[in-house]
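Here are a few notes on the ring contacts, as promised. Have the viewer open while you go through them.

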Amino acid sequence: MCCSFFLTNLLAQVKLVEERFAFEPELSYDSAIPAPKDILNYRLGERFTIYEDAVNYFKKIAASSDKITLGSYGETYEGRELIYLVISSKDNQNRIEEIRETNLKLANPMLLKEATAVDLMDKNPVVVSCSYNIHGNEAASTEAAMQVAYRLAAAEDEATADLLDNTVFIMFPCINPDGRDRYVYWYNGMARSVVGKEPHDLEHYAPWPNGRTNHYWFDLNRDWIWCVHPESKGHIGVYQQWMPQVHVDYHEQGYNNNYFTMPGTTPRNKLLPDQYEALSDTFGMANIHAFDKHKISYFTREAFDFFYPGYGSSYPSVMGAIGMLTEQGGIAGGRAIETSDGTTLTIRQRLFDHYTTTIATLKKAAEHKRVFQEYTYQALNPKNSKNNTKAYVLPPDENGYLKEVVNILLRHGVEVRQADNKFSVAGAQSYRTNQSNNKASKATNTDFPKGSIIIDTDQPKHLFINSIFSPEMAIEDSVMYDMSTWAAPLAYNLEAYQSKRSINVASSKITTPLSYAAGLTNPDASYAYVIDWNQQFAPKALSLLWQKGYRVRSAQKPFHTGTKQYHSGTLIVLLGRNLEKAATVKTDMEAIASTANVVVDGLNTGRMKSGIDLTSRFSKPVKQPKVALMVEPPFSTYTSGQLYFLFDQVTALPVERIRTSILKQTAIPKFGLRYGGADLNDYDVLILPGGGNNLSKLFGKKELAEIKAWVQQGGVLIATESAADFFTKKKSGFTEIALVAAPKDSTAVATVIPFADRRDYHGKKNIPGSALNATIDNTNPLAFGMPKHLYSLKFGSNALQPSAGLQAVGRYESNANSLLAAGYSAQDNLDRLAGNVFAGVQPMGKGKVVLLMDNTQYRMFWRGPSRMMQNAVLLLK
């Protein structure tokens, strides 16, 4: 009793559950349906719910209600089950598969006459979906989802019955369980008995990497298209099974912000139907009406663009739905926090606000279901397309990323075909040159080989196709929330063409995911096994060879056996240098070929028809490096995560993640820089992912001298993005490499520009994630396995100046007028960057400094440059 009284007394100091935020108490609820408190043993808003308990509640309510069915769509990296709910009336649940199939018919207007479609719309409910908690530390929405499910299952009023008759609600209660639990377990462990509403209290400062991201520190709200992660693959699979007409993605922002509801700001995807803005505002006004009733603060129109189509709010729009965003103030708010205007924001209000907009959205969708069904039906009709491209063509590319792009398209329900024979297209425009073979009135032909991929836009997914393939997306505002280009052929560095004419050639529809050639040829080879380094997964094969204890060489020059060409970097396993493996070598090579998805070729001689021989002095032994990746601020969490994923998932190479805080806390001993007891001299490679000007606080003169000594003794230092800036002569004096940077803006215009216009002015001076044409020196080990041309993704406007001591591996196109491949850049930035270096190697004693100005594996979808990072780690030691 004493403890209970003590707890009650303390909780009274901050009222966590106010009557003002009661969930529609005027309604009557079915007592047979368990409320959240019945299962959780606390009221929503009194604490954060761990994911397992939330899943348990959803399973309990689904088992108790004939209005809810629960499905599973996979599991996270950490083994948490991913679930979704389908909520509708009992009658609709009894024919739910029929409803789903009918909805898919409405999503294919090419196969339906309009009269038939209208009849189906009358008989079918509107399909609405909501995704909650995609950022793990934006934790209020999963709490809200529990109350939404209860209200829809248990409310006994006629209005709710009518709503459920007219809607099917697809609920994704938590897109990012790993991130959510990372935050919630930490928060619950840090929460005080006396609720810590003070903004500076520990419970409002989650430690790195906090809960926003998934297991690999990726922002899942950028992965709706590329589906790099299981969370995305799973929920996109469910989405494609239903193709909703309305979707809302639930988020939180800083706790001092008021609630954001639609519409958003510019730039917008100009390919969307003209009615999109007005219809999204219809839902915004529904939310506002509900908020006005409860005196909730909100704003619209002044923030959040939906230009990038890979958000949870924009992906549904390019799938023909009304895709929308809500943002509740609340990040770092804990259970309660005092805001800048002196009010106390509680988790109860945050989840109440999300609950309120969910119910308002469902009501509006049910009220005007025919409007939204008709919108989607028309949006998916290619006759209404605003883009005049008729087809995109991708020539065969066995070793590049073509098959990955095709598989992405198939995942999203895009129809893809493959040419049965070679063919020609008049006037096709090349992405690489941005020029059409259409001179004056006479169009010349571009020849394409058999096996070329053809993506026609005369299909329901035309909005999606044009949005992710067009290199010329109209940009109405150069100041944007994310990036200015994401065209798939550029991101995956593919040869690609667009055609304004339909392509009518014999072809075969691709219906199953494409796979890469793999296997072991000449398994009983007597001299060596080789793996061509041009294969996409060759780096993983090298890691597996090391894991199995093989001595491996890398060919520094190409060679030809007489029947097959092998490229620089090709892996050579000499049987004479691995005699102890004689009993298992064949089965090992078979296993590596299968696991890594590569072709391993057995050879019976070391003498080649042309090029180097297998044991030439240009056949260099490569040993497994010990690699340290710096993580934690000031280093970039996102870049760290991408590199962590690249080596852990893609390359299968162990990389140690070293905390900056450990580095700071440990003194530098006389003979080596130490990271929490691990001597830098124990590592072969050190990767620094960004960090910018803050690196000067981490690395003073003494630390830089220690690192330089380590490099001179044979270490490989890899600095990427802003860390590359730091290791130039101007920034730290570590190398003699000159940084090419934008001069400080001292123009008369800059000094008198009004305060309100400064953001736009300076934003236009930057490069907001644009694709630049570049050339690659693929005779350098840093670029082994890469083609000679590359699209580099540019944020910022810095580069390296070419010099005699710098191995210029990647250079921007020298002609400023043809440098920009896609996206936005001011001309003065292009003039300054043209011909300069973005990827270089500076030899230093026995070691090397690798500077990579641009992210080489951005979100793991801008894959074209990623081999440079793999090579830097695997081959340069």
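**Aromatic contacts, point by point**

1. Let's start inside: Y84 and F172 are both buried. Keep in mind that the model is a predicted one. The two rings, Y84 and F172, make a tilted aromatic pair, with 6.3 Å between centres and 35 degrees between planes. In sequence they sit 88 residues apart, with Y84 on strand 2 (residues 81-87) and F172 on strand 4 (residues 167-172), so this contact ties together distant parts of the chain.

2. Next up, F795 and Y858. Their ring centres are 5.2 Å apart and the planes meet at 45 degrees, so this pair is tilted. It also bridges distant parts of the chain, 63 residues apart: F795 belongs to strand 38 (residues 789-795), while Y858 is in the loop between strand 43 (847-852) and helix 28 (866-874).

3. Is Y858 buried or exposed? Its relative accessible area is 12%, under the 20% cut-off, so Y858 is buried. F795 comes out at 33% relative accessibility, which lies between 20% and 50%, so F795 counts as partly exposed.

4. Zooming out, the whole structure has 46 aromatic pairs. There's also an aromatic cluster worth pulling up, made of Y77, W208, Y216, W217, F218, Y644 and F645.

5. Two charge-over-ring contacts for your list. K557 is placed over the face of F618, 4.1 Å from the ring centre. R867 has its charged end over the ring of W533, at 5.1 Å from the centre.

How values were computed: Residues numbered from 1 in each chain as written. Predicted model: local features only at pLDDT ≥ 70, side-chain atom pairs only at ≥ 80, totals over all residues. Heavy atoms only, no water. Phe/Tyr/Trp six-rings, centres within 6.5 Å; stacked < 30°, edge-to-face > 60°. Helix = DSSP H or I, 4+ residues; strand = E, 2+ residues; numbered from the N terminus. Buried < 20%, exposed > 50% of the residue type's maximum accessible area, 1.4 Å probe, protein only. Lys NZ or Arg CZ within 6 Å of the ring centre and 35° of its normal.
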